[in-house]
Amino acid sequence: MATADTGRTVRVEYNDSVVRAFLIATLVWGVVGLSLGVLVATQLSFWQANFGIEWLTFGRLRPLHTNAAIFAFVGNSMFAGIYHSSQRLLKTRLGSDGLSWIHFWGWQIIIVCAALTIPLGFTQSKEYAELIWPIDLMVALIWVVFAVNFFMTVAKRNEPNLYVALWFYIATIVTIPVLYIVNNLQLPTGALHSYSIFGGVQDALVQWWYGHNAVGFFLTTPILGLMYYYLPKAAGRPVYSYRLSIVHFWALIFVYIWAGPHHLLYTALPDWAQSLGMVFSLMLWAPSWGGMLNGLLTLRGAWDKLRTDPVIKFFIAAVTFYGMSTFEGPLLSIKTVSSLGHYTDWIIGHVHGGTLGWNGFMAAGVSYWLIPRLWNTKLYNEKWADAHFWIGLFGILLYVGSMWISGVNMGLYWRALDADGFLQYPDFVEGLISAGVLWKMRLVGGSFYLVGFLLMVANLTLTMQKGKFQSTVVEVPAMPKLQTVSSWALIKGKPVVFSLGVIVAAALFAVSSPVTFALPITFGAVLTVAAILYAGAEKREGGSWHQLLEGKPLAFTILSLVAILIGGIAELVPTIVIDKKAPAVAMADSTGVVPAADVQVVESRFLQQPYSPLELEGRDVYISEGCYNCHSQMIRPFRHETLRYGEYSRASEFRYDHPFQWGSKRTGPDLHRVGGKYPNLWHYQHLMDPRSTSQGSNMPVYAWLKTRKVDFTKTRGKMIAMRKLGVPYTDEDIADCQDVAKSQGTLIASDLQANAVTIEPDCKMVAVIAYLQRLGRGPQPVALEQAAAPEATPATPETPEIPAEPAAPVDVPADGEADGATQNGAGDLGQLVGGR
């Protein structure tokens with residue numbers, strides 16, 4: 001805390017020019033991101049909107065839309081709010097004007113690079129982390145610039161204590177680099193291509209540890225910081241509860257980091273990690289709703305402003321959507337609920353409720369509040385702002401409501417069984433058709449939201465033209481002298497010791513036996529009571545422990561970093577250190593015993609073997625086209641899924657998948673066991689015209705894959721990189737990779753030629769067919785002498801050893817992907833010869 005000061009003041013001119021730049025970028029990129037959203041929603045309802053152009057397909061534009069909405073729209077809004085509010089809260093100018101502008105222009109260059117590379121098919125295929133490795137380096141560099149600039153501002157502050165909004169900014173600044181760097185550890189194979197150093201289950205866990213916490217620490221914590229600053233400013237009221245702010249902050253950042261595995265329930269992820277993610281997700285209810293209530297109750301005594309002030313309308317609606325999203329998220333993390341909602345439109349509705357309602361409305365409220373003040377004028381037209389609010393609110397409700405209904409309908413449709421215990425609706429496309437009206441409602445809702453946003457852009461543009469921009473100049477009290485309390489003394493203070501003790505007690509409880517479980521519970525309860533008594537009796541000269549901590553930014557930052565690292569290390573390290581070469585776990589029989597004779601059988605069936613050179617190239621094409629946006633490769637252990645797709649997926653089947661391709665949405669069926677179900681001709685026809693094999697499909701046409709060639713000169717480098725990551729390619733495999741790839745391509749081309757299809761063996765379509773035919777099957781040997789002759793008839797491989805559920809024969813399903821045919825076993829294996 002501060003001692004008395006002499007009353008000396010200093011003159012401060014805030015750097016509002018960079019705030020203005022970020023605000024304008026927010027409006028521009030908001031239009032771009034929302035327009036892309038409307039386009040991809042149109043493509044889902046009308047496949048013709050893909051226009052037959054490869055860089056305009058849904059698979060490529062959907063990740064561009066998410067990146068534009070998150071990093072371009074919300075990101076620029078976040079930076080504008082942080083730079084504006086931090087200067088006022090710290091009563092000083094930004095640390096460096098140069099770094100501020102490097103940050104601004106660097107971020108815009110990153111966005112432009114993303115806008116160029118993602119539609120061209122350059123992607124890492126990880127949700128919210130699609131950017132290729134050179135852009136990842138740019139993101140890391142610019143974030144360091146942002147962090148240095150922020151902490152330089154803190155260092156020269158004229159305000160002794162850090163206000164609550166700054167706590168959330170600090171948590172964002174230190175957590176995002178940890179998440180982004182770990183998830184984007186890549187081994188480059190070229191200037192625009194790389195492979196994740198993690199594979200299979202490890203990659204899935206790391207990705208959703210990042211993916212969930214990117215939402216938490218990019219779309220939540222910084223926006224909460226903006227809420228804690230701008231909502232009280234707009235309402236003219238102080239924050240409802242300082243104590244609740246403390247609990248909200250520390251509980252949120254500690255608990256949030258553990259919840260990522262709830263995205264992987266009923267997958268091949270170890271069950272302990274799934275349960276851990278579910279438990280911590282449920283715990284998130286408390287701190288999240290604590291923050292929501294703190295925001296809403298801040299308006300006590302000023303609720304009349306809700307009728308007249310459009311800024312208050314946006315803020316209160318945003319906080320309400322935050323509460324709804326943070327209720328729905330833990331609800332969806334419950335295993336039973338997840339089994340119904342996962343892979344469906346329910347998840348889409350959940351995500352957009354948070355993004356459009358919480359992030360979008362907060363960005364609108366901040367823009368409406370800031371721009372008139374920076375341009376020294378009144379808002380051009382308050383009625384337009386009111387109209388924007390109601391149009392946007394209607395759009396969100398229509399969007400989210402239609403996706404909730406569609407999602408529940410999809411989940412029930414997929415799991416419906418008839419009286420004999422078999423699929424009642426084996427045709428996947430039938431479910432898509434039933435959702436058609438709801439998808440069009442989603443499109444209408446998104447369009448309304450875009451119209452409202454365009455109205456805001458017009459309103460704020462006219463406001464800027466009416467006023468005159470001028471940076472704020474103020475006289476502030478000079479920084480007073482602070483009490484000499486060391487950062488180390490605060491870090492090792494009793495509250496930290498109590499907290500670590502409770503964490504240790506919880507860890508001991510997790511590993512305790514039914515006999516000893518009471519001991520850690522008792523230990524934790526005693527520590528909790530002691531902490532409460534200490535907090536009540538604490539009396540310090542200069543304030544409480546936390547008030548002293550607020551005056552020590554270094555100690556505050558270190559403790560914030562420790563809080564998020566505990567969960568990350570505890571979840572990731574046990575899974576990452578597992579040897580990917582470890583044998584598969586055999587299944588127990590009905591008595592719970594694993595028969596020794598079955599161990600080798602299980603290993604041979606479910607132990608993944610390396611992809612052949614052509615299959616590896618085909619997998620890269622699959623990733624480049626964004627197929628993971630619509631297709632999963634993870635069959636959950638439910639009867640309705642094994643009937644529809646085949647044997648449920650095992651962890652050992654993905655050990656060489658860099659990156660993993662489990663997906664998170666099924667607009668098309670799961671593909672993990674599609675290999676061998678259909679002949680090569682079927683796949684060719686499906687890629688050339690999906691409607692020819694799957695009446696009613698909304699899949700884009702991929703005819704250009706027939707004319708685009710695979711660059712086999714890069715295959716050797718890719719296989720070398722894969723070997724460094726643990727894939728057991730031999731020197732001979734790598735040396736012969738081009739010959740083997742062309743040989744396997746020739747076999748597929750020969751088979752298609754026998755069906756009156758002329759195709760080059762080195763085109764991308766052949767590579768994709770090779771990859772699809774490999775999924776869920778082991779490699780088959782390829783004889784180079786046999787493959788050399790185009791007229792040779794390739795031998796039919798053995799039927800895969802994966803058994804299917806028995807059922808009555810059915811026709812080839814109309815969805816054209818791979819669902820009902822599973823009930824017939826392996827289906828028509830065609831003439832494919834996979835592997836090396």
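Salt bridges make a good starting point: this predicted model holds 23 of them, each one a side-chain nitrogen of Lys or Arg within 4 Å of a carboxyl oxygen of Asp or Glu. Residues are numbered from 1 along each chain as its sequence is written, and side-chain values use heavy atoms, with hydrogens and water left out. Local features need pLDDT of at least 70 and side-chain atom pairs count only at pLDDT 80 or more, while totals for chains, interfaces and linings use all residues.

**Stop 1: K126 and D203**

Select K126 and D203 and show their side chains. They form a salt bridge whose closest N and O atoms are 2.7 Å apart. K126 sits in the loop between helix 3 and helix 4, and D203 belongs to helix 6 (residues 200-218), so this pair ties together parts that are 77 residues apart in sequence. Helices here are DSSP runs of H or I with at least four residues, numbered from the N terminus. Are these two partners buried or exposed? K126 counts as buried at 1% relative accessibility, and D203 is buried as well, at 0%. Buried means under 20% relative accessible area, exposed means over 50%, and partly exposed is in between, with a 1.4 Å probe and protein chains only.

**Stop 2: helices 3 and 4**

Now colour the two helices that flank the K126 loop. Helix 3 covers residues 97-117 and helix 4 covers residues 133-155; their axes come within 9 Å and cross at roughly 160 degrees. Axes are lines fitted to C-alpha atoms over the stretch in contact, and angles run from 0 to 180 degrees between N-to-C directions. Helix 3 and helix 4 are therefore roughly antiparallel, a label for angles over 145 degrees. Helix 3 passes helix 4 in a left-handed crossing, meaning that the near helix is turned anticlockwise from the far one by less than a right angle.

**Stop 3: helices 15 and 17**

Next, pick residues 382-415 (helix 15) and 436-466 (helix 17), which pack at an angle of about 160 degrees with their axes 8 Å apart. That makes helix 15 roughly antiparallel to helix 17, and their crossing is left-handed.

**Stop 4: D657, R619 and a network**

Back to charged pairs: select D657 and R619, a salt bridge with its closest N and O atoms 3.5 Å apart. D657 lies in the loop between helix 25 (639-645) and helix 26 (680-688), and R619 in helix 24 (residues 613-624), so the pair ties together parts that are 38 residues apart in sequence. Both D657 and R619 are buried. Then add E54, R60, E625 and R708, which are joined into one network by salt bridges that share partners. Within that group, the side chains of E54 and R60 meet at 3.5 Å, N to O. E54 is buried at 17% relative accessible area, and R60 is buried at 4%.

**Stop 5: helix 22**

Finish on helix 22 (residues 553-576), which includes V573 and also A563. How far apart are A563 and F254 in sequence and in space? They are 309 residues apart in sequence, yet 5.1 Å apart from C-alpha to C-alpha. A563 is buried, with a relative accessible area of 8%, whereas V573 is partly exposed at 39%. Select L561, L565, I569, V573 and V577 together and switch on the surface: they make a nonpolar patch of about 400 Å². Such a patch joins nonpolar side chains (Val, Leu, Ile, Met, Phe, Trp, Tyr) within 5 Å, from residues with over 30% relative accessible area and no salt bridge.

Key:
Patch = residues over 30% accessible without salt bridge, like charges linked within 9 Å, V, L, I, M, F, W, Y side chains within 5 Å. Areas by Shrake-Rupley, 256 points an atom, 1.4 Å probe, with all protein chains shown as cover. Parallel < 35°, antiparallel > 145°, perpendicular 65-115°, else oblique.
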